[in-house]
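Visitor: Please take me through one chain of this model closely, going residue by residue where that helps. I would like to know how each value is defined as we go.

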Amino acid sequence: MNKNIKKQRARRYIIGFISVFLLIAGIFIHVSVGSSSIGITDVIKALFQPDNSKQTTVIQTLRLPRAVLAALIGASLAVAGALMQAITRNSLASPQVFGVNAGASLAIVVATILFPELHSKTTVYFAFLGSALGGITVYLFAAGGKVTHIKLALAGMAVHLFLSSLTQGVIVLNEDATDVLYWLVGSINGKNWSHVLILLPWSVFGLLAAFIMGRSISILVLGENMATGLGEKVQWIRLVSGVIVIILAGSSVAVAGPIGFIGLMVPHIARKLVGGDYQRILPFSALLGGILLIYADILSRFIAYPFESPVGIVTALIGAPFFLYLARKGRNIKQ
Amino acid sequence: MKTGRKLKIVSVMAILSILLVLAGCGAKQDSTDKESSNNQKVAVKHELGTTKVPENPKRIVVLELSFVDALHGLGIKPVGIADDNKKDMIEQLVNGKMKYTSVGTRQQPNLEVISSLKPDLIIADVQRHKAIYKDLQQIAPTIELNSRESTYEENIDAFKTIAKATGKDKKAEERLNKHEETIAELKKEVKEENGQTILPAVVRDTSFQAHTSASYDGGFLENLGFKDAVQSKEAYAEMNLEQLSDINPDILILANNEGKLLTDEWKSNPLWKNLKAVKNHKVFVVDRNLWTRFRGVVSSEAIGKDTVKLLHDQQK
Amino acid sequence: MNAKKHPYGILSVLLIILVMIAFISLGIGAVYTSPVEVFTNLIGKSQSNHFILFNYRIPRMLLAVIVGASLAVSGAILQGILKNPLASPDVIGVTKGSGLFAVAVLIIFPGASMVALPFSAFLGAAVIAIALMLFSYTQSTKTHSLALIGVALGAICQAGIQYFMIKFPDNVNTTLLWLTGSLWGRGWNEMWFLIPCLILIPLIIIFISKLDILNLGDEMAVGLGERIKYVRYTLLSISVILTGASVAVVGSIGFIGLISPHIGRRLVGSRSKFLLPVSALIGALFLLLADTVGRGVVPPIEIPSGIVTAIIGAPYFLYLLRREQKNK
């Protein structure tokens, strides 16, 4: 038995190392790929021996923040998804299925139209409001009583449809359609350090809070009765997790629009790789989420080369078939 | 017994609906017959075929802004315009107040209003209104021209077609001659900047859309002697700051949307500050309606005069 | 509940309301026509707004009624087959499939004749339905998984649609407008596409006893000797045809197929004999109202009916969900 545990532990460490390596490699590749390729050696030089050349400026002010943003958002969304799947005990839960993304998106669009001069820092709060409303609406349905996967998926889909069509409507009636896609799909094009700064406090806070909750979540997942028996305040855990989800997802949508499917896919992969303990799943999801979004963003450069496409398209094109795969597996997914 | 009653209800409903459909088909015949009772007609060739337009139409409905411009250049007032409910935009176009009826958005003009105006000519945009061409023809003779995706040259062709349809060929010729003179004069005034690269772009809160040599304003500026910084077959090109700094135009023209702008964030970036146009104070903000929406003989002259003024009033 | 005891009464009342609203809707639009004028025009005694009435309002009203009824019946069928009260063509991915194929044709073949559009919509709906059936075949025929797979397929189609919009940005505007669902510019020409609906709806109302057998539960039904799969697939095909035709005409309008059967169930219970016709009438009313409101609120601008149905439909749907939840 001991050998097995040691093996598992070793395996987890290896996976951890590979992931960190992938993340860093991803950041480098992300920075070097763009409307003009910059060699990896140049990238390294720019990062560690910065000079005043144009290339360095490009890397430092445009590409690097974008890569960092991708990692942050990926991590936030993945952890949000993991939390949601845990507290609703539903393997299909994710900020997108729950209407959290769509709610935040709608709130921002409305805010932008009503108050066009609003600074990005303040629109984050609108996003929180929207994601809270979206999430609560669907959660109200999920709370108490037996919630099967289908009910959740269908309810979430209905809410998502509603919010998306409202968003669509609002924008279509206001003419400029190129921006619509951005708000319906999510993109990190053209983001810079100011966006990173807006997101950073919320992400860091949310992620840390989530990691701290890891143990309680693991217990909660074992079953409500068990958890209460073990002295955990179930409702409180649920509430705090819900708030964390809103913070993580809401801030991400505020900065980059509703990037979907990360919160859905990553927790499943994480669970497969490191087992069912949430104290491990949560940080690992963060890592994986960052990796996934960075590579997805790299891919997004090539859809309509040399023009950039929203990264939400790539996550959707990867995520939707994954969703199908999950759907086919049926409802015997162990938490 | 119960099924019998249901059957009766259902069959009554079915018969009713079939009757209504037939009635409608009959009605359709009516309106198309009314068409052919007109005397003199001019055959006008347009993007979707040839239409017989009555001579000297008095009541014209136009569904795009460039057509308003064209009619303005010919001294004709349309009775109906698809103005996106923006009356002041139209007043800006024709430089004054004008009485007309709004027929809704250019995207989805209201067919009921158009028909209630009883026009004798409708001018529509072939890109936006291809799907309703048949419906428009039912109301009045319709010609569909290039407007939304037109180049400067195509726009002038459209102007000539409109002149033919409204029987103002001679006036058109005079106007076009005047236009060429105006352009030649403007060209002289910007002779110093001849050959410099210029980039017109529409800026929104999440995108910077450059207008290439294939766009209307890009093509027009090239006609004035400039070179569009982006040469392409596609009229528009989304750009990020990196690409912009690679292209580095001599003159930058920004048609800004209302509200937040992407360029606001760029202004603090050294890449922006190092742009040739920024360093030489040749970044100009222009009116979006005039530069990208109006399009036409009259408006292009306004664009040209605008350009000259901006370049020569170095008041930065 | 009293209502359930008088299904014929409800049917008649709904029919009368429908006719009334239809009549009123003929008067509403950018050019207001008083009911008296409408009447005199209809019986041929006046030609005042003849053109508008017969070329725009009447066909549009008829289209709204037929499409509304089709979507509602399609939803009722799906909810019966999948034994899930939350199923509907929009949620199950059939509408999205239609939309994807139609968008693909709109964008890839912009010069295609107007006939290509409905065919691609049909094709899209059919493909999704076939995919659904295939997937359920390789699994156990659990009706629950079918619904879930439908949602997933819908998500894939949605991703596909967005991909097209990115790859071909010039058409984004037209595509989005079409996708939002609206009756603008639809007239007599579009009526042809709805012929299958005109035939199918009365047919299905007459032969709906089959659906009730499905409601009894798989085991019992097998015991009764019905060929379950055959019946289920036939009904699914009908639902697909109805949806495909509707999407072809109006784009993707949502919530009608979802809500109408629910309201119908509250009024007359779950017996398909009454549920289907009542749902049809409610669906027709719903879309007619949505279109009329969209046309009449800020003329000459029209709010697409798809947005109105979403605004009305979604909150009501959520309210329904809560009630469903409480009843458990």
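Guide: What follows is a close look at chain B, with a short look at chain C at the end. The model is predicted, so local features need pLDDT of at least 70 and side-chain atom pairs count only at pLDDT 80 or more, while totals for chains, interfaces and linings use all residues. Residues are numbered from 1 along each chain as its sequence is written, chains are lettered from A and ligands numbered from 1 in the order in which they are written, and side-chain values use heavy atoms, with hydrogens and water left out.

Chain B has 14 helices and 13 strands (DSSP runs numbered from the N terminus, H or I of at least four residues for helices and E of at least two for strands). Of its 316 residues, 57% are buried, where buried means under 20% relative accessible area, exposed over 50%, and partly exposed in between, with a 1.4 Å probe and protein chains only. Taking the contacts in chain B with a separation of 6 or more, 62% join residues 24 or more positions apart, a contact being heavy atoms within 4.5 Å.

Three residues of chain B can be examined in turn, beginning with Thr166(B), which sits in the loop between α6 (152–165) and α7 (169–189) of chain B. With a relative accessible area of 2%, Thr166(B) is buried. Leaving out residues up to four places away in sequence, Thr166(B) touches Asn56(B), Pro57(B), Ile60(B), Leu71(B), Leu74(B), Ile76(B) and Leu121(B). Glu258(B), by contrast, is 92 residues from Thr166(B) along the chain, and 37 Å separates their C-alpha atoms.

Glu301(B) belongs to helix α14 (residues 297–312) of chain B, and because its relative accessibility is 6%, Glu301(B) counts as buried. The side chain of Glu301(B) makes a polar contact of 2.8 Å with that of His179(B) (a polar contact is a pair of N or O atoms within 3.5 Å; within protein, one must be able to donate a hydrogen and the other to accept it, and residues adjacent in sequence count only if both atoms are side-chain atoms). With neighbours within four places in sequence set aside, Glu301(B) contacts His179(B) together with Arg175(B), Thr182(B) and Leu186(B).

Asp246(B) is found in helix α9 (residues 241–247) of chain B, and since its relative accessibility is 46%, Asp246(B) counts as partly exposed. Not counting residues up to four places away in sequence, Asp246(B) touches Ser36(A) and Lys54(A). Asp246(B) and Ile81(B) are 165 residues apart in sequence, with their C-alpha atoms 42 Å apart in space.

To set chain B beside another chain, chain C has 16 helices and zero strands, and 62% of its 328 residues count as buried. In chain C, residues 24 or more positions apart provide 76% of the contacts with a separation of 6 or more. Chain C has its own helix α14 (residues 256–268), whose buried residues include Ile256(C), Leu258(C), His262(C) and Val268(C). After α14(C) comes Gly269(C), with a positive phi near 80°.

Terms used
Expected span 1.5 Å × (residues − 1).
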